[in-house]
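Here are my notes on the model you sent, set out as numbered points. Please read them with the coordinates open, since each point refers to places you can inspect directly.

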Amino acid sequence: MIWLIGNKGMLGTELSLLLEKKGIPHTGTDREVDITDPAALGVFAEKQAAAGQPFTWIINCAAYTAVDKAEGDAETCGRLNTDGPGNIAETAKKIGARLIHFSTDYVFNGRGSQPYKEDDPTDPTGVYGLTKRDGERRILAANDATWIIRTAWLYGRYGNNFVHTMLRLMKERDSVSVVKDQRGSPTWAYDLANAVTLLIAAVEGGKPVSPDIYHYTNEGNITWFDFAQEIYAQGRKLGLIPKACAVKPCASAEFPAKVTRPAYSVLDKGKMQAALGIEIPAWDASLEQYLRTCVP
Ligand SMILES: NC(=O)c1ccc[n+]([C@@H]2O[C@H](COP(=O)([O-])OP(=O)(O)OC[C@H]3O[C@@H](n4cnc5c(N)ncnc54)[C@H](OP(=O)(O)O)[C@@H]3O)[C@@H](O)[C@H]2O)c1
């Protein structure tokens, strides 16, 4: 039995639907079982065990993900991204469950030029990245039966994300300006959710997928401007954007933000690919499938 924590967020909802579709037994919680409250986590786990279906896996999708807001809200962000995962790791250890947790490209400073590997030195530059990095450390110190998956540039059916924002702006405006000096890999939450189910199956099937840090994004890397251009091209082709809209490149400096976003966010996925023996879908193929099947 899987405990899916943060089941109402973007990735959590996608995972919830996929587990349902694949017939994998699971129970989901979100804010009603507060991850910053270790007692609440313990009580929920005990109730489940008392009902005769103890959790064998915990997947944690709960997090503080408002990157800019985090700069003025470091305490809450730390409670959610560092203490919360630590509490979950301790709960998992107590009940003997395996844990899957998600982290981010923001643990790196983004000044690299080669895809980041799992053991490259971390150097977060903002509160969100720092609290997520510390969350990784807390988890690894508390529970070695943990798989931490770092991902980046997520979009999906649920919640605010770049694809939804672009589609809305492209319908409303004659032009949109998008930054061309940040590079990364757009990642469909469905593809990541699918990789998680494959990881669980591999571990349960006895494959040597050891608990560790792994990277997962869609294949390929581009700038936000390139991504917007492709959203526009595919959106027009599919009739999702009824009128013309110019997509213009600009620099991050033109959008003053509280936090500097990594200029280079590309993650090396070789370790995950080798461990699971999977092909990772290309970002543009996944975008097309997403727009065709998930956007009304
Ligand atoms: N989104 C991205 O582009 C991205 C990129 C890289 C890594 N990640 C990582 O991927 C994971 C999933 O991200 P996401 O975008 O799916 O996150 P999300 O949409 O923000 O979902 C997080 C969920 O956690 C819930 N939550 C907040 N406080 C909680 C608490 N105290 N106890 C229990 N649940 C609580 C949130 O509820 P409320 O909505 O009510 O706050 C929300 O439902 C996170 O670890 C994130 O750091 C995301």
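**Notes on the predicted model**

1. I begin with W153, which counts as buried because its relative accessible area is 11%, below the 20% under which a residue is called buried. The model is a predicted one, and in it W153 sits in the loop between strand 5 (146-151) and strand 6. The backbone at W153 deserves a look, since this residue has a positive phi of about 45 degrees although it is not a glycine.

2. On the overall form, the chain contains ten helices and twelve strands, and its C-alpha atoms fill a box of roughly 60 × 35 × 35 Å when taken along the principal axes. The radius of gyration is 19 Å, which agrees with the value near 19 Å that a compact globule of 296 residues would have. Buried residues make up 51% of the 296 residues. Of the contacts between residues at least 6 apart in sequence, 82% join residues at least 24 apart.

3. Helix 6 (residues 162-172) can be described from its start, where N161 caps the N-terminal end, with a side-chain oxygen 3.1 Å from the backbone nitrogen of V163. The buried residues of this helix are F162, V163, M166, L167, L169 and M170. What covers those buried residues includes strand 6 (154-155), strand 7 (175-179), helix 8 (224-237), strand 12 (246-250) and helix 10.

4. How do helix 6 and helix 10 (residues 283-294) cross, and within what distance do their axes come? The two axes come within 12 Å and cross at roughly 60 degrees, and the crossing in which helix 6 passes helix 10 is right-handed. On the side of helix 6 the residues involved are V163, H164 and L167, and these meet L287, Y290 and L291 in helix 10. By class, the residues of this contact divide into five nonpolar, one polar and no charged.

5. Helix 10 also holds T293, whose side chain reaches the backbone oxygen of Q289 at 2.5 Å. You may wish to view T293 together with R157, as the two are 136 residues apart in sequence and 10.0 Å apart in space, C-alpha to C-alpha.

6. A second helix pair is formed by helix 2 (residues 38-50) and helix 4 (residues 74-95), whose axes come within 10 Å and cross at roughly 35 degrees; this crossing, too, is right-handed. Here P38, L41, G42 and A45 in helix 2 meet N87, I88, T91 and I95 in helix 4. The contact has five nonpolar, three polar and no charged residues.

7. V127 lies in helix 5 (residues 127-142) and counts as buried because its relative accessibility is 16%. Leaving aside residues up to four places away in sequence, V127 touches A70, E71, A74 and C77. By contrast with these contacts, the C-alpha atoms of V127 and G52, which are 75 residues apart along the chain, are separated by 41 Å.

8. Is T104, placed in strand 4 (residues 98-104), buried or exposed? T104 is buried, since its relative accessible area is 3%. Its side chain is joined to the side chain of D105 by a polar contact of 3.0 Å. With residues up to four places away in sequence set aside, T104 touches Y128, K132, R150 and T151.

9. Finally, H26 lies in strand 2 (residues 26-29) and is classed as buried because its relative accessible area is 18%, which falls under the 20% limit. A polar atom of the H26 side chain lies 2.8 Å from the backbone oxygen of I24. Not counting residues up to four places away in sequence, H26 touches M1, I2, S16, L19 and E20.

Notes:
Residues numbered from 1 in each chain as written. Predicted model: local features only at pLDDT ≥ 70, side-chain atom pairs only at ≥ 80, totals over all residues. Heavy atoms only, no water. Axes fitted to C-alpha atoms, helices over the stretch in contact; angles between N-to-C directions. Helix = DSSP H or I, 4+ residues; strand = E, 2+ residues; numbered from the N terminus. Left-handed = near helix turned anticlockwise from the far one by under 90°. Contact = heavy atoms within 4.5 Å. Nonpolar A, V, L, I, M, F, W, Y, C, P; charged D, E, K, R; others polar. Polar contact = N/O pair within 3.5 Å; in protein donor to acceptor, adjacent residues only side chain to side chain. Rg over C-alpha atoms; globule rule 2.2 N^0.38 Å. Buried < 20%, exposed > 50% of the residue type's maximum accessible area, 1.4 Å probe, protein only.
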